[in-house]
Amino acid sequence: MTSDQHSLFVTELAIYPVKSTRRLTVQQANVVTTGFAHDRRWMLVDPEGKFITQRQHPKMVHIVAQPDDQGMVVNAPGMEDIRVLQPLLQEPVLKEEPRQRFEVTVWKDVCAALDAGDQAAQWFSEYMGFSCRLVYMDEGCQRPVDQRYALTSDLTSFSDGFPFLLTSEASLADLNGRLEQPVPMDRFRPNIVINGLEAFAEDDWQRIRIGSVEFRVSKACTRCIMTTIDTQTGIKGKEPLQTLANYRRGEKGVLFGMNLNHDNEGVISVGDPVEILG
């Protein structure tokens, strides 16, 4: 490690147990095959199996899920807490009974998830105000990462496309220096936040190590309107996307943060040093 890397370290770790719901910060996270354990293993889908996000339904920002090894407890404004257990794959006893596993779509990806049951579907449908179902990604549901930016063995959960999103405090400070009203880091929904070095230094990284886990920096993350949703109120605005577009626009969109794939499993913690390998 070079001398200028000693101050580079992890300041925040976060998971999002149900895709597009409120973040849950953690002091330590287990890196498993698809990313952090408990990260986006659950997802809401419409009756056709298409994924549901804050982009169209900002009220999802108020849904809070606390996962454990058996499932999760979920709460939302105006709703009683609900305990949801991880569904187990069970073959139907009779031919006319529906199978528990069914196809769901995340962008262009199709994967076979498990339905979490009618009680969960009723709870989420009541809160959202329309019919939807909760699904779970078990070990039998595998979703490869886009092969243009990954190895054939790389998998992710119900994330938008990659196991990890890394952002830096220096980059956010640079952005906030251009805004009339600063925005918090949670607008960008990262898994890993780091501090040290200069703003947007992460653009040039190819490989890093945190703790015992090595990561490949696959591509810059293109940002959408979800960054304009106030994470406390659920109200949409124009920033920070409008300002970012003035100086962080790439060929495929506005850029902030880096998507990562990982080479091995392990544990990383807040405070861990970040080593730049290339």
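**Exercise 1. Place W42.**
At 3% relative accessibility, does W42 count as buried or exposed? Say also where W42 sits in the chain and how far it lies from L134.

*Solution.*
Step 1. The model is predicted, so work with computed values.
Step 2. Buried means under 20% relative accessible area.
Step 3. W42 has 3%, so it counts as buried.
Step 4. Next, find its element. W42 belongs to strand β5, residues 42-45.
Step 5. Now compare sequence and space. W42 and L134 are 92 residues apart in sequence. Their C-alpha atoms are 6.9 Å apart in space.

**Exercise 2. Classify two aromatic pairs.**
How many aromatic pairs does the structure hold? Classify the pair F36 and F164, then the pair F188 and F256.

*Solution.*
Step 1. The structure has 9 aromatic pairs.
Step 2. Take F36 and F164. Their ring centres are 5.0 Å apart, with 80° between the planes. Planes over 60 degrees apart count as edge-to-face. This pair is therefore edge-to-face.
Step 3. Locate the partners. F36 is in strand β4 (residues 35-36) and F164 is in strand β14 (residues 164-168). The pair links distant parts of the chain, 128 residues apart.
Step 4. Check burial. F36 is buried, at a relative accessible area of 1%. F164 is buried too, with a value of 1%.
Step 5. Take F188 and F256. Here the centres are 4.1 Å apart and the planes differ by 25°. Planes under 30 degrees apart count as stacked, so this pair is stacked.
Step 6. Locate these partners. F188 is in the loop between α2 (169-176) and β15 (192-195). F256 is in strand β19 (residues 253-262). The two are 68 residues apart.
Step 7. Check burial again. F188 is buried at 0% relative accessibility. F256 is buried, also at 0%.

**Exercise 3. Extend the picture around the rings.**
Which residues do ring pairs link into a cluster with F188 and F256? Which charged residue lies over the face of Y247, and which over the face of Y127?

*Solution.*
Step 1. Follow the ring pairs. They join F188, F200, Y247 and F256 into a cluster.
Step 2. Look at Y247 in that cluster. R178 lies over its face, at 3.6 Å from the ring centre.
Step 3. Turn to Y127. K59 lies over the face of this ring, at 4.4 Å from the centre.

**Exercise 4. Read an open sheet.**
In what order do the 3 strands of the open sheet lie? Which are the edge strands?

*Solution.*
Step 1. Recall the principle. Strands of a sheet pair through backbone hydrogen bonds, either parallel or antiparallel.
Step 2. Read the order: β4-β3-β20, with antiparallel pairing.
Step 3. Find the edges. β4 and β20 (266-269) each pair on one side only, so they are the edge strands.
Step 4. Zoom in on one pairing. Strand β3 (residues 28-32) is joined to β20 by 4 bridges. V31 has G266 in β20 as its bridge partner.

**Exercise 5. Describe β14.**
How many residues of β14 are buried? Which way does β14 pair with β19, and which way with β15?

*Solution.*
Step 1. Count. 5 of the 5 residues of β14 are buried, so the strand is largely enclosed by the rest of the structure.
Step 2. Sort the directions. F164, L166 and S168 point one way, while L165 and T167 point the other way.
Step 3. Pair with β19. The sense is antiparallel, over 3 bridges. L166 has M258 as its bridge partner there.
Step 4. Pair with β15. The two strands run parallel, joined by 3 bridges. L166 has I192 as its bridge partner in β15.

**Exercise 6. Find the empty space.**
What is the volume of the largest pocket, and which element gives the most to its lining? How much space lies in the largest cavity?

*Solution.*
Step 1. Start with the pocket. Its volume is about 950 Å³.
Step 2. Look at its lining of 34 residues. The closest to the pocket centre are W107, D160, G161, F162 and T222.
Step 3. Name the elements. β12 (143-144), β14 and β17 (213-222) give two or more residues to the lining. β17 gives the most, with 3 residues.
Step 4. Move to cavities. The whole structure has 1 cavity of 30 Å³ or more. The largest cavity holds about 40 Å³ of space.
Step 5. List the cavity lining: Q54, V61, D186, R187, R189, M226, I229 and T231.

How values were computed. Residues numbered from 1 in each chain as written. Predicted model: local features only at pLDDT ≥ 70, side-chain atom pairs only at ≥ 80, totals over all residues. Heavy atoms only, no water. Phe/Tyr/Trp six-rings, centres within 6.5 Å; stacked < 30°, edge-to-face > 60°. Buried < 20%, exposed > 50% of the residue type's maximum accessible area, 1.4 Å probe, protein only. Lys NZ or Arg CZ within 6 Å of the ring centre and 35° of its normal. 1 Å grid on protein atoms, 1.4 Å probe; cavity = no way out; pocket = protein on both sides within 12 Å on 5 of 7 lines; lining within 4 Å. Points joined across faces, edges and corners; volume = space filled by probe spheres on them.
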